[in-house]
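Subject: Structure handover

Hello,

Here is the structure I said I would pass on. My notes on it follow below.

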Amino acid sequence: MPVTIKEAISDLEERHGKIESKDSKGFFNGIYGEIESPYQQIMRSEMPEEAIPDSHRFARQRKETVDILIKLMAISDTLFRISPQQNLVEGLKKRGITPLKPQVICPTITSIPDDLIHYSEPRIMTVREHARIQSFLDDYEFKGKYTTGGQFRKSEVPRYTQVANAIPPIFAEQVGLILVVSSNL
């Protein structure tokens, strides 16, 4: 059965609280809220109750950016990509951005953090939220920088890219099961 965005990540919302990030000075890391779906229960099954989610660092966004995100979130109840050419929100400079909606299935996760806006909070999603949507169990840890740019993209694979370029673990498991069954025929 398909899992909606809210069913996948509602326990990771910033409203549940935050603490100083252990791996990024000057940033905050989200903490877990109550489990709200069977999918969340599975994703957190290997995590100790007092654990802090790995790679759940919130971006620092300027007030002007947050104001634009709020406007983008309010445009429609349907999921679609918004570009500056549509002239729906003044000040949008990014080539395109998709405000997520809680009751839909997430579109493709990309390696560009600000391609998607969180469904209920005016912010980009964290690496952990991307990973959760991709079906990585919460005990999976990501290493390296969160993002890179320019010449560093040739030698470093940032966390957002690690998630976006990965085959979703649940999908990989299903392919493996099919291969095992077909080899036994």
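Just after α4, the residue Ser135 takes a positive phi of about 85°. Please keep in mind throughout that this is a predicted model. Ser135 is a residue other than glycine, and it lies in the loop between α4 and α5. Its relative accessible area is 6%, so Ser135 counts as buried.

Ser55 is a similar entry in my notes. Its phi is positive, about 60°, although Ser55 is not a glycine. It sits in the loop between α2 and β3 (57-58). With a relative accessibility of 2%, Ser55 is buried.

Helix α4

How many of the eight residues of α4 are buried? Seven are, so the helix is largely enclosed by the rest of the structure. The buried residues are Val127, Arg128, Glu129, His130, Ala131, Arg132 and Gln134. They pack against α1, α2, α5 and α6 (169-183).

Two residues of this helix are worth a closer look. Val127 belongs to α4 and is buried at 1% relative accessibility. Leaving aside residues up to four places away in sequence, Val127 touches Ser55, Phe142, Tyr146, Arg159, Tyr160 and Val163. The Ser55 in that list is the buried loop residue with the positive phi described above. Val127 is also 8.5 Å from Asp54, C-alpha to C-alpha, with their positions 73 residues apart in sequence.

Gln134 is found in α4 as well, and its relative accessible area of 11% makes it buried. With the same exclusion of residues up to four places away, Gln134 touches Ile109, Val163, Ala164, Ala166, Pro168 and Pro169. For one of these, Pro168, the C-alpha to C-alpha distance is 5.0 Å, while the two residues are 34 apart in sequence.

The nonpolar cores

In soluble globular proteins, nonpolar side chains tend to be buried together. Here the largest nonpolar core has 23 residues, and Ile9, Leu100 and Ile109 are those with the most contacts inside it. The elements that give two or more residues to this core are α1 (5-9), α2 (38-43), α4 (127-134) and α5 (159-165). A second, separate core has nine residues, among them Leu69, Leu72, Ile82 and Ile117.

What does Ile109 touch, not counting residues up to four places away in sequence? The list is Leu116, Met125, His130, Ile133, Gln134, Val163 and Ala164. His130 and Gln134 in that list are also among the buried residues of α4.

Helix α3

Helix α3 covers residues 63-74, which makes twelve residues. From its first C-alpha to its last it reaches 17 Å, close to the 16 Å expected at 1.5 Å a residue. Which residues of α3 are buried? They are Ile68, Leu69, Leu72 and Met73. These four cover an arc of only 140° around the axis, which puts them on the same side of the helix. An α-helix has 3.6 residues a turn, so residues three or four places apart point the same way. The face turned away from the buried side of α3 carries the exposed residues Lys63 and Ala74. The cover over the buried residues of α3 includes β4 (98-99) and β5 (116-117). Two of the buried residues, Leu69 and Leu72, also appear in the second core.

Aromatic rings

How many aromatic pairs does a search of the whole structure find? There are three. One of them joins Phe136 and Tyr140: the ring centres are 5.1 Å apart and the planes are at 50°, which is a tilted arrangement. Phe136 is buried, at 8% relative accessibility, whereas Tyr140 is partly exposed, with a relative accessible area of 42%. Together with Phe142, these two residues form one aromatic cluster.

Tyr146 has charged residues over its face. Arg57 lies there at 3.9 Å from the ring centre, and Arg159 lies over the face of Tyr146 at 4.2 Å from the ring centre. Both Tyr146 and Arg159 are also among the residues that Val127 touches, as is Phe142 from the aromatic cluster.

Regards

How values were computed
Residues are numbered from 1 along each chain as its sequence is written. This is a predicted model: local features need pLDDT of at least 70, side-chain atom pairs count only at pLDDT 80 or more; totals for chains, interfaces and linings use all residues. Side-chain values use heavy atoms; hydrogens and water are left out. The expected span of a helix is 1.5 Å times one less than its number of residues. Buried means under 20% relative accessible area, exposed over 50%, partly exposed in between (1.4 Å probe, protein chains only). The arc is that of the directions from the helix axis to the C-beta atoms. Contact means heavy atoms within 4.5 Å. A nonpolar core is a set of buried Ala, Val, Leu, Ile, Met, Phe, Trp, Tyr and Cys residues joined through side-chain atoms within 4.5 Å. Rings of Phe, Tyr and Trp (its six-membered ring) pair if their centres lie within 6.5 Å; planes under 30 degrees apart count as stacked, over 60 as edge-to-face and the rest as tilted. A charge sits over a ring if NZ of Lys or CZ of Arg is within 6 Å of the ring centre and within 35 degrees of the ring normal.
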